[in-house]
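This report covers two parts of one protein model: the surroundings of its ligand and a sheet with the helices that pack on it.

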Amino acid sequence: MSSFYLNNLTDYNTAYEASVKNTEQFWDAIAKKNFLWKKRWSRVLEYDFSVPKIKWFEGAELNITENCIDRHLENNADKTAIIFEPNDPSSESEYITYKELQGRVNKFANVLKSKGVNKGDRVCIYLPMIPELAVSVLACARIGAIHSVVFAGFSSTALATRINDCDCKIVITSDGSYRGAKTIDLKGIVDEALESCPNVNSVLVAKRIHSNINMANGRDEWLEPLLNDASESCDATVMNAEDPLFILYTSGSTGKPKGMVHTTAGYMVYTAHTFKNIFQYQEDDVYWCTADIGWITGHSYIVYGPLLNGATTVMFEGVPNYPNYGRFWDIVQKHNINQFYTAPTAIRALAKQGDDFVNPYDLSSLKVLGTVGEPINDEAWHWYSTTIGKNKCPIVDTWWQTETGGILISPIPNCFSGKPTYATLPFVGIQPALMDENGNEILNTKAEGRLCIKFPWPSIARTIWGDHKRYKDTYFSAFANCYFTGDGALRDENGHYRITGRVDDVVIVSGHNLGTAPIEDAINEHRNIAESAIVGFPHDIKGNALYGFVTLKSESSESEIEVIKSEINALISKKIGPIAKLDKIQITKGLPKTRSGKIMRRILRKIAHKDTGNLGDISTLLNPDVVQSIIDNSLNK
Ligand code: WTA
């Protein structure tokens with residue numbers, strides 16, 4: 001008998017039906033069979049989307065790190081849990097066994113305790129992809145502290161916003177990071193951020209690049225000596241099923257980032273179950289997800305999902321093009337990777353470089369290929385399947401979100417195959433629906449609409465930290481009794497879903513979610529900018545890129561405009577991070593507005609998409625003539 005829960009299409013159909021008809025029974029059985037509980041739940045699910053309130057496995061007690069680590073020690077103490085592949089290919093890879101991981105996590109947990117971190121406290125982690133990142137995440141979970149990992153590409157302002165929003169008193173960082181041929185002064189960024197974070201009283205610093213950094217007296221300490229002195233044993237704190245496990249920030253279409261709160265038991269059950277079935281992980285496989293742990297993909301499918309299954313998971317510190325564009329395939333060959341999971345933007349960038357970077361490597365270990373983060377176009381899908389998968393590896397195009405905690409729509413290789421550009425069918429327990437403009441569910445199988453999920457699943461985020469109303473308004477108000485994803489989707493005649501993209505003011509650039517409003521806020525601070533509107537437009541490699549329409553306060557010469565354009569991107573890098581820089585900046589005399597003064601982004605989006613044939617009725621605009629002048633001067637003609 002195979003170890004998979006879902007072995008063929010009949011299994012999937014049967015399980016899916018059961019998961020919808022008897023949801024509680026369904027998840028009850030999975031949770032009972034596979035995990036270590038200190039106490040069982042009294043109720044599987046309690047929910048009301050109108051509040052909204054969602055509770056899974058209420059009454060249960062557990063610690064997720066016992067499930068990620070301790071549980072595997074009896075049979076697999078010496079199995080490699082984490083392979084660390086450093087930025088520099090000539091440095092040694094590090095192989096951390098489950099036993100060693102336990103020791104390192106416990107030591108780290110003891111250091112956190114010695115710094116006064118208690119259950120429920122928030123800990124900000126701002127680290128590159130080095131083992132300390134995974135270890136510190138698990139150390140927080142060990143003692144019930146809530147980790148808030150901030151992607152180490154975010155700027156000091158973005159970091160400070162996130163530290164303050166959930167009131168972290170401690171920050172874990174490193175002296176710096178390697179990124180290809182460059183080094184980045186992470187500690188300098190932290191120091192700058194902390195100028196506006198008065199509540200942070202402790203900074204623990206991992207040594208990575210051995211740079212000469214400033215250590216603030218009484219606040220900053222090197223991690224290494226603290227870890228050396230700490231004990232290797234640390235009892236796992238007993239957590240309730242619904243105790244928060246972590247906060248992870250994601251961009252909203254307006255205002256500050258949303259701190260999505262994920263809780264313990266449901267997240268554990270769902271990430272473990274999806275990992276096993278979607279990636280078809282088998283004992284002794286080596287799995288590699290190229291994401292950063294600073295994003296949800298890294299939380300769920302580098303750290304928790306794999307470790308919950310006792311897997312060997314790879315952490316890669318570097319970038320796909322260093323020392324050259326063959327690096328990914330070099331790593332696949334070196335570690336005999338069986339499951340490989342990456343983003344379409346990386347696939348497109350690598351495909352563009354040609355097959356000469358792929359051909360020297362033996363990729364025969366690969367069994368399953370995954371993608372995540374944005375729609376994958378037909379061409380990239382076929383290149384991935386043929387050139388990387390040699391037409392023998394199923395592709396799992398996994399659709400999900402920071403908010404969903406785990407994969408919701410994806411092929412399941414044993415059960416049904418992928419179809420280029422389609423995320424295909426819902427995972428067991430997931431009930432998608434497409435809604436029309438009037439908020440009604442479209443019942444025809446073949447349809448296009450806004451994608452909602454009608455029923456809770458165990459790993460759905462429970463709230464936005466400190467702002468439950470925003471959680472309700474963002475996800476549960478557009479459509480009655482449904483979770484609204486913010487994405488549009490098509491459904492074909494077989495019920496397969498294809499995600500078409502965001503329907504709100506979030507743009508996915510190179511797989512990163514960027515809210516346009518915060519970027520506009522950042523550049524509107526420029527002394528000479530009156531107004532701005534940012535929209536996405538299609539980009540060969542990044543999927544989407546950003547196009548800014550900007551009006552100035554005063555007439556400026558061409559050379560002044562060039563300076564302003566570079567200042568705009570400098571401001572964005574400082575306030576948000578380099579990932580949010582604009583590819584195109586068009587200075588215009590005005591922005592199209594409704595009579596009530598609202599900027600008509602729809603029109604600007606069409607101009608940026610070179611789709612000006614049908615702009616709809618613009619006669620009701622406050623300033624219809626501005627549209628023609630924007631079209632005439634468009635940078636995307
Ligand atoms: C998009 C990443 C198409 C989508 C796990 C979603 C996708 C947003 C796919 C969430 C996919 C993610 N096909 N689009 N397979 N996966 N997306 O929160 O727009 O970083 O709403 O989570 O990425 O991005 P997030």
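## Polar contacts of the ligand

In this predicted model, an N or O atom in the side chain of T402 lies 2.6 Å from an oxygen atom of the ligand. The side chain of Q401 also places an N or O atom 2.9 Å from a ligand oxygen. At G373 the backbone takes part: one of its N or O atoms is 3.1 Å from a nitrogen atom of the ligand. The ligand on its own would expose 530 Å², of which the protein buries 96%.

## The shell around the ligand

The ligand has 17 residues around it, and D397, T398, T402, D487 and R502 come nearest. By class, the shell holds seven nonpolar, six polar and four charged residues. At least two shell residues each come from α10 (296-308), β20 (395-398) and β25 (497-502).

## A three-stranded sheet

An open sheet with mixed pairing is built from three strands in the order β28-β29-β30. Its edges are β28 (529-539) and β30 (584-587), each paired on one side only. Direction ignored, neighbouring strands of this sheet are turned by 20° against each other on average.

Strands β28 and β29 (residues 543-552) run antiparallel and are joined by 10 bridges. V535 has Y547 of β29 as its bridge partner.

## Helices on the sheet

Helix α15 (residues 516-524) packs on the sheet and touches β28 and β29; its direction makes about 140° with that of β28. Helix α16 (residues 558-575) also packs there, in contact with β28, β29 and β30. The direction of α16 makes about 135° with that of β30.

Methods
Residues are numbered from 1 along each chain as its sequence is written. This is a predicted model: local features need pLDDT of at least 70, side-chain atom pairs count only at pLDDT 80 or more; totals for chains, interfaces and linings use all residues. Side-chain values use heavy atoms; hydrogens and water are left out. A residue is near a molecule or strand if one of its heavy atoms lies within 4 Å of it. A polar contact is a pair of N or O atoms within 3.5 Å; within protein, one must be able to donate a hydrogen and the other to accept it, and residues adjacent in sequence count only if both atoms are side-chain atoms. Accessible areas come from the Shrake-Rupley method with a 1.4 Å probe; for residues, only the protein chains shown count as cover. Helices (H or I, at least four residues) and strands (E, at least two) are DSSP runs, numbered from the N terminus. Ala, Val, Leu, Ile, Met, Phe, Trp, Tyr, Cys and Pro count as nonpolar, Asp, Glu, Lys and Arg as charged, and the others, Gly among them, as polar. Two strands pair if DSSP finds at least two bridges between them. Axes are lines fitted to C-alpha atoms, for helices over the stretch in contact, and angles run from 0 to 180 degrees between N-to-C directions. Contact means heavy atoms within 4.5 Å.
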